[in-house]
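Thanks for making time this morning. I would like to walk through one structure with you, going from a single residue out to the chains and then to the question of confidence.

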Amino acid sequence: MIKKKNSILSSISEYAVLIGIVVVFIIGMSIASPYFLTFTNITNIIQYVSTYGIVSIGMLLVILTGGINLSVGGTLAISAYIGCSLMLRGFPWYVSVLVCILTGMMVGLVNGLAVTKLNIPPLIATLAVEQITRGVHLGLAQGAPLTGFSQTYLNIGASKFLNLPMAVWWTLLLYVIFFIILYKTCFGRTVYAVGGNPMATRVSGINNHKIIIFVYILAGILCAIAGIIVTGRMNSVAVSIAKGLDTRCITCCVLGGASVTRGGKGTIIGCFLGVFIIGLLQNSLDLLAVSSYWQEFIQGIVLFLAVSADFFRTLIARRKKK
Amino acid sequence: MKPIIEMKNIVKTFSDNVVLDHVNFTLNQGETRALLGVNGAGKSTLIKILNGIYHADSGEIYFEGERVRINSPQDAEKLGIRFVHQELNVCPDLTVAENIFIGHLKKNRFGFYDEKGIYAASQDLLNQLEINIKATDRVGDLRAAEMQIIEILKAMILNSKVLVLDEPTSSLSEKEKVIFFNLLGTLKERGVSFIFISHFLEDVLQISDHATALKDSRNNGEFDTKKTTKEELIFAMMGKNAIQKERIEAEKGNDAPPILELRNLCSSGKFRNINLSVQPGMILGVCGLLGAGKSEIARAIYGLDKYDSGEIVYKGEVIKNPTPEKMMKNHVAIVTEDRKLEGFVPLMSISENITLSTLRRYAAKLGFVKEKLRCAKSLKIAQSVTVKMTSDKQKVESLSGGNQQKVIIGRCLESDPELFILDEPTRGVDVYAKTEIYNILIDMANRGVTVLIFSSELEELLAVCTEIIVLRSGEIKERVQAKETGKAELLSLIS
């Protein structure tokens, strides 16, 4: 019995700092603004968190294998664009959804092959793919947005179920699914192993390439899913869709404890908390009418403090000893 | 004899693990003192406190009679204490001279970098000591033993008063050890005091004057090494004697077809015309100097490195283009030379590292891991290889070298190998753990597993193997029966 208690306590203490930040936010904002603690506002937060929330799962998977994915924005853009333009040509909504996901998979496959077979560092490979996919989107769109999608399609992202928007349900469902995958399946455990020491897993007979390629494909699929949801909510594929998505997702993952320098470090729960905090931050800044120009600056400060947390922790510990 | 370093009543705890329990250590001026203890006894922690990397929770340090506080490695260096770590800290892209003078580059009278000065001083020193390296050589091209020598030379240039050597001979051959000890002798004549940490008790008995033994985080004896025996030291370190099992004898009339055959295996620059065959159930050793090609052959068999020509025949079938995945499926397992690099996933637990190769076996539908089953099997294996741990959920990076090696062996055991290849299996492993590992291998051989050990430690091969193959400069020279050969004979064959 004692062993179990210890592990629940220690998992909570792992996230103590993040949970603490959430609590501080909630208390602070409830005092600062009367609109904060309303049902509409809270569901709003989870709604606009849904896009980068879902993509962050994919980003976490890539970061766990020791890589990074700068092409998430472009992947989302091109998948959504190709899917939706088919719909506008008269194809049924399910064809759009299928093609969108397939496009996401293909981009993921390209990333995966570039990183494994061509041995290009993930930073460079995904940077190139981002530019290629964005370029294709802009080239095909010729600078014009798409709009006017079928109602069923819009319902995927925008309808409500039990009074909560579908975007919320999809996000929660995906987090639960990937939590189970990462902790309870062979594939998930192997992802952690490959990220932790790819040379050791190679000697152990694991096929690193297979795992890494699959991870990038999953990331691509998640981008596509996020694309379906956001275009459903907005009823459009904007020209600047998903701009800045990569930096935001990396911020969320790192805030949640993932390490970009050391593969195999990071958790889904941490990622969820990171996403939530960034969402709270954005919401608070909006409610407090902070200019949107300054929002990026504040997010940067938050990220900086989050990654320096380790340094501050050891500094405080040392001061206590003396 | 005046003491130059005194460490009194040192206590150090990590979380609730007491690593040093009121430990005392005294080094006298001009003395060479060995610090002995099994992995986990506290030796490295004591040394790291002296080096300023850790801070003692309580206790005092005195240098030349005065109380000092060592808060960082720079403090230790200012006092004149120099550390030569087990892992070599050289800059491979710089030259020998630049490495020797690193951090202390000479300036000429204008304040600019005096390049000529450092090369002259370095070459001078190398010539004085009759070391066959040029000051202009690129360090990355040197062998491990030569890099070790550079670390010592750094100390000489800085006129250090105390030199702390952590496992300095683990990557040296017998010949290189002689050069190394001569170097230490020269320094000793200049009045340098040494703290010497080593698992090679023969070396300890040879070059040190006194030894301090640590056991279970406490002092357990001071010895005059000219008057003590290896057995006495082992007893002080572990409280019992290491008992090794009988090496298995070659079965007479063993006509079974060989489990592994290498035919004319060649890799340019590394090894040539390697022809050998291994009977099932035997322990075959491959010995040779560092650089003779041992690791290269081991890695080629397992598909970790490519080779140019020749055939690898496993159980009668030619294996074209071996890969680790293929070999693992064929029930071949390998423990590679560099455990930190390729042995385990550091952030994962002992339990997960053991089932790293075989996770599929515990998969239920949809890939879910049968965690209870996996945990139970993994724990059984960890216990059978006698890993010293607080729990098998401990991260492997927190274990000592010997225990890490046992976890890796555990992982290989878990995959039910029929052929088990090991490359330098007990490097950096303490005396007791070494014997435990040998016993594990002998048990496996008795159960029918074929063991292939590549090692530069001759005593190891003579103690464990049935037959030994001698490798020299990439070619096989001889194949001898272990029980009919002595160390001296082997030594002359490999050089």
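Is Val129(A) buried or exposed? What we have here is a predicted model, and in it Val129(A) counts as buried, because 24 other C-beta atoms lie within 10 Å of its own, where 20 or more are required. The residue sits in helix α6 of chain A, which covers residues 122–141. If we leave aside residues up to four places away in sequence, Val129(A) touches Ser71(A), Gly74(A), Val107(A), Val110(A) and Asn111(A). One further distance may be useful to you: Gly108(A) is 21 residues away along the chain, and its C-alpha atom is separated from that of Val129(A) by 9.5 Å.

Let me now step back to chain A as a whole. Chain A has 14 helices and four strands, and along the principal axes its C-alpha atoms fill a box of roughly 70 × 60 × 40 Å. The radius of gyration of chain A is 20 Å, which agrees with the value near 20 Å that a compact globule of 322 residues would have. Buried residues account for 46% of those 322 residues, and of the contacts in chain A with a separation of 6 or more, 75% are between residues 24 or more positions apart.

The next topic is the nonpolar core. The largest one has 224 residues, and those with the most contacts inside it are Val55(A), Met59(A), Leu60(A), Leu76(A), Leu222(A), Cys253(A) and, from chain B, Ile421(B). Helix α11 of chain A, residues 208–234, gives this core its largest share, namely 17 residues. As for Ile421(B), and again not counting residues up to four places away in sequence, it touches Ala298(B), Ile301(B), Tyr302(B), Val332(B), Ile334(B) and Leu452(B).

That brings us to the interface, where 20 residues of chain A are in contact with 24 residues of chain B. On the chain A side, α9 (186–196) and α10 (198–203) each supply at least two of the touching residues, and the largest share, seven residues, comes from α9(A). Sorted by class, this side of chain A has seven nonpolar, nine polar and four charged residues.

Turning to chain B, I would begin with strand β1, residues 3–14, which pairs with two other strands that I will take in turn. With strand β2 of chain B, residues 17–28, the pairing is antiparallel over eight bridges, and within it Pro3(B) has Asn28(B) as its bridge partner. The hairpin of β1(B) and β2(B) has two residues between the strands, and Ser15(B) there takes a positive phi near 55 degrees. With strand β4 of chain B, residues 58–63, β1(B) again pairs in the antiparallel sense, over five bridges, and here Met7(B) is matched with Ile61(B).

Further along chain B there is an open sheet of four strands in the order β12-β11-β14-β15, with antiparallel pairing. Its edge strands are β12 (271–278) and β15 (317–318), each of which pairs on one side only. Inside the sheet, β11 (residues 260–267) and β14 (residues 309–314) of chain B run antiparallel and are joined by five bridges, with Cys266(B) and Ser309(B) as bridge partners.

Two residues of chain B deserve a look at their backbone angles. Lys315(B), in the loop between β14 and β15, has a positive phi near 50 degrees although it is a residue other than glycine, and it counts as partly exposed because it has 16 C-beta neighbours inside 10 Å. Asn321(B), in the loop between β15 and α10 (324–329), likewise is not a glycine and has a positive phi of about 50 degrees, but with 8 C-beta neighbours inside 10 Å Asn321(B) counts as exposed.

I will finish with confidence. Chain A averages a pLDDT of 87, and 91% of the residues score at least 70. Among its elements, helix α5 (residues 93–116) has the highest mean pLDDT, 96, and helix α1 (residues 2–14) the lowest, 56. Over residues 1–5 of chain A the pLDDT is below 50, and beyond near neighbours in sequence this stretch has zero contacts in the model. Where pLDDT is low, the predicted coordinates should not be read in detail.

Note on methods
Residues are numbered from 1 along each chain as its sequence is written. Chains are lettered from A and ligands numbered from 1 in the order in which they are written. This is a predicted model: local features need pLDDT of at least 70, side-chain atom pairs count only at pLDDT 80 or more; totals for chains, interfaces and linings use all residues. A residue is buried if 20 or more other C-beta atoms lie within 10 Å of its own, exposed if 12 or fewer, and partly exposed in between; C-beta atoms are placed from the backbone. Two residues are in contact if their C-beta atoms, placed from the backbone, lie within 7 Å. Two strands pair if DSSP finds at least two bridges between them. Ala, Val, Leu, Ile, Met, Phe, Trp, Tyr, Cys and Pro count as nonpolar, Asp, Glu, Lys and Arg as charged, and the others, Gly among them, as polar. The radius of gyration is taken over C-alpha atoms; the globule rule is 2.2 Å times the number of residues to the power 0.38. A nonpolar core is a set of buried Ala, Val, Leu, Ile, Met, Phe, Trp, Tyr and Cys residues joined through C-beta atoms within 7 Å. pLDDT is the predictor's confidence in each residue, from 0 to 100.
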